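The following paragraphs lead the reader through a single model, from individual residues to the chain as a whole. Please keep the sequence and the structure in view while reading.

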Amino acid sequence: MEVGAAAFQRRLPRLRGRVLRAAFLALDMEFTGLHSTFPQNNEPSSGFVHSLFDSPAERYLKARQSVQRFTVTQLGLAIFSNENSNKYVVHSYNFFLFPSTLGVTDVEFTLSASSIQFLSRYGFDYNKFLKDGIPYMNEVQEKILSQHLSAGSWKVSSALDRDVLKKAIDEVTCWIAAAEEEETMILQDLSGYQMFEVQLVLRQALQNVWTQPLGDKKVMVKKVSPQHRQLLENSSYDCCQKEFILLSARGFTNLFQTLVKAKKPLVGHNMLMDLMHLHDKFYKPLPESYEEFKRNIHNLFPVLIDTKTVTKSIWKKCPFPRVSNLLEVYAVLCSSNLNPKDPPCPVIALASDCSRYAEKKSPHEAGYDAFLCGSVLYVFQNFSGEDAPCQRPPLLVVHVRGWPGLNERQIYQEFKALCRFDVRWLSKDQFILLSNKYKHVGRVLRDYKHHPHLRVSLYRHWRHSPRVNCLLQVSGIVALWSLLAFVLGGAPCCSF
């Protein structure tokens with residue numbers, strides 16, 4: 001089910017109830033870009049480019065740069081509710097999001113051409129993202145907005161909204177000069193935050209008017225006495241009170257806070273970027289410390305399950321095809337019984353108001369991918385046994401002979417046509433290669449066996465590590481000096 005800004009506030013109470021009653025939740029996001037490549041050096045493993053050599057902390061810092069540059073276009077949430085012991089009902093929602101434009105700050109974000117093209121190919125509706133995206137803000141942005149509301153230092157950041165406001169102010173000032181007290185007029189064709197902004201600006205500029213929203217993009221303006229205005233301002237029903245404005249500006253963040261409160265297991269597929277965007281867009285700006293980020297995320301969501309990691313662990317236990325793409329994993333699970341000894345899979349039924357995904361595949365639509373995530377996990381729970389140990393292809397070392405001045409980039413280009421490796425300098429004439437595929441390691445060892453300038457072999461720590469070599473050299477020198485001292489000094493003489 002698609003949900004935009006126009007319908008979100010009306011659906012929020014029911015959404016909150018379903019989240020709190022859920023057995024578990026599945027999440028997926030689409031972004032305006034994935035990996036930032038600016039700034040970047042010429043080296044393939046430098047800048048913001050991810051490398052297989054990266055530690056988790058290094059990978060986090062590179063991903064953090066991307067999260068700060070790009071924004072979320074779509075968030076999919078699948079709510080799995082346990083109807084009985086062998087049946088789950090799923091409500092899958094597709095939320096279009098757009099940063100809040102209410103207040104004094106104007107959010108900037110970057111578009112990646114390849115990401116935009118990719119989503120367009122799968123039918124993404126950018127009009128819904130731009131025109132009906134649900135607003136959101138994190139705690140820092142909300143605090144700034146709250147301070148400006150309290151101080152009355154209001155500023156409209158959108159040029160379009162400024163034009164609408166100017167027109168509304170002109171209409172009201174022309175009307176009010178001849179109007180009697182208690183007379184009213186109607187402003188029309190106001191959308192989204194314009195409903196708040198028009199009222200706040202008019203109330204700030206004119207002390208003898210009162211405003212009230214009528215719905216259907218309309219605002220009523222009434223001429224009142226200063227005494228009557230003061231009474232109305234103290235009314236608990238005033239929709240322009242600070243609390244109401246903040247509630248509207250928070251938008252999707254209101255539902256995010258319910259997800260945090262519910263503490264339900266949260267499922268995703270290759271979900272690091274999803275978690276980082278959750279933190280940055282709806283909670284707080286991402287910290288520089290990877291350890292702090294992990295603490296924050298686990299405080300927000302104590303139980304996190306990544307189906308890509310689960311899929312790889314299943315590879316070791318049964319004849320499961322080595323696929324990791326979410327749609328491929330789901331198709332394999334639906335087409336065969338990989339573990340006949342396990343009990344039959346439970347039934348997963350889409351709710352009647354979310355049945356579109358039962359009739360049509362919609363890959364890379366966030367709501368559909370969230371549904372797939374939860375379904376994959378639900379089938380995988382039938383597999384039992386201990387987690388298989390993590391295994392990675394071995395490191396390779398390239399020894400250069402008769403090819404002076406070779407650098408990491410040239411080594412990378414040399415092997416690029418054959419397979420994908422990350423490269424790191426080891427010593428004067430040696431480089432390390434790292435791949436995530438065993439077949440690439442075997443191919444390079446075979447094809448470069450008789451290369452005139454590059455000798456490729458398996459990396460052995462005791463043989464190739466500069467530190468070990470240095471230690472061995474120092475130990476050899478010490479041993480040699482000890483031997484020379486013994487030989488030249490001779491054995492001590494004994495006299496009686």
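In which helix is the place of V260? The model is a predicted one, and in it V260 belongs to helix α10, which covers residues 253-262. The relative accessible area of V260 is 15%, and because buried means under 20%, this residue is classed as buried. When neighbours within four places in sequence are set aside, the contacts of V260 are with L300 and F301. The second of these partners is 41 residues away from V260 along the sequence, yet the C-alpha atoms of V260 and F301 are 6.4 Å apart in space.

A further buried position is found at T307, in helix α13, which comprises residues 307-315. T307 counts as buried because its relative accessibility is 0%. Its side chain is joined to the side chain of H269 by a polar contact of 2.7 Å. H269 also appears among the residues that T307 contacts beyond its neighbours within four places in sequence; the others are V267, G268, L326, C373, V376, L377 and F380.

Attention may now turn to a strand. Q74 is part of β3, a strand of residues 72-84. With a relative accessibility of 2%, Q74 is likewise counted as buried. Residues up to four places away in sequence being excluded, Q74 touches D28, M29, E30, N94, F95, F96, F124, H364, E365 and A366. For one of these partners the geometry is polar: the side chain of Q74 reaches the backbone nitrogen of A366 at 3.0 Å. For another, D28, the separation along the chain is 46 residues, while the C-alpha atoms of Q74 and D28 lie 8.4 Å apart.

H364, which is one of the residues touched by Q74, merits separate inspection. It is located in the loop between α15 (356-359) and α16 (366-380). Its phi is positive, at about 65°, although H364 is not a glycine. The relative accessible area of H364 is 25%, and this residue is therefore partly exposed.

M29, also touched by Q74, provides a link to another histidine, since M29 is among the residues in contact with H277. H277 is placed in helix α11, residues 272-283. Is H277 buried or exposed? Its relative accessible area is 0%, so H277 is buried. Neighbours within four places in sequence aside, the contacts of H277 comprise M29, F31, V67, F70, T71, V72 and F282.

A third histidine, H228, is found in helix α8 (residues 226-233). H228 is partly exposed, its relative accessible area being 25%. Which side chain is joined to that of H228 by a polar contact of 3.3 Å? The partner is E182, a residue of the loop between α6 and β5 (184-187). E182 has a positive phi, near 80°, and is a residue other than glycine. At 42% relative accessibility, E182 counts as partly exposed. H228 may also be located relative to W210: the two residues are 18 apart along the chain, and their C-alpha atoms are separated by 9.1 Å.

The next topic is empty space. Rolling a probe the size of a water molecule over the atoms reveals where such space remains. The second largest pocket holds about 1,300 Å³. Its lining consists of 39 residues, of which A5, S191, G192, Y193 and Q194 are the closest to the centre of the pocket. Several elements contribute at least two lining residues each, namely α1 (5-21), α4 (126-131), α6 (159-176), α7 (194-205), β6 (209-215) and α9 (242-250). The largest share, five residues, is supplied by α1. By chemical character, the lining is made up of 20 nonpolar, 12 polar and seven charged residues.

Finally, the chain may be viewed as a whole. Its secondary structure amounts to 20 helices and 14 strands. The protein chain has 496 residues, 45% of which count as buried. Among contacts with a separation of 6 or more, 73% are between residues 24 or more positions apart. The accessible surface of the chain is about 26,900 Å², and carbon and sulfur atoms account for 54% of that area.

Key. Residues numbered from 1 in each chain as written. Predicted model: local features only at pLDDT ≥ 70, side-chain atom pairs only at ≥ 80, totals over all residues. Heavy atoms only, no water. 1 Å grid on protein atoms, 1.4 Å probe; cavity = no way out; pocket = protein on both sides within 12 Å on 5 of 7 lines; lining within 4 Å. Points joined across faces, edges and corners; volume = space filled by probe spheres on them. Helix = DSSP H or I, 4+ residues; strand = E, 2+ residues; numbered from the N terminus. Nonpolar A, V, L, I, M, F, W, Y, C, P; charged D, E, K, R; others polar. Buried < 20%, exposed > 50% of the residue type's maximum accessible area, 1.4 Å probe, protein only. Polar contact = N/O pair within 3.5 Å; in protein donor to acceptor, adjacent residues only side chain to side chain. Contact = heavy atoms within 4.5 Å. Areas by Shrake-Rupley, 256 points an atom, 1.4 Å probe, with all protein chains shown as cover.
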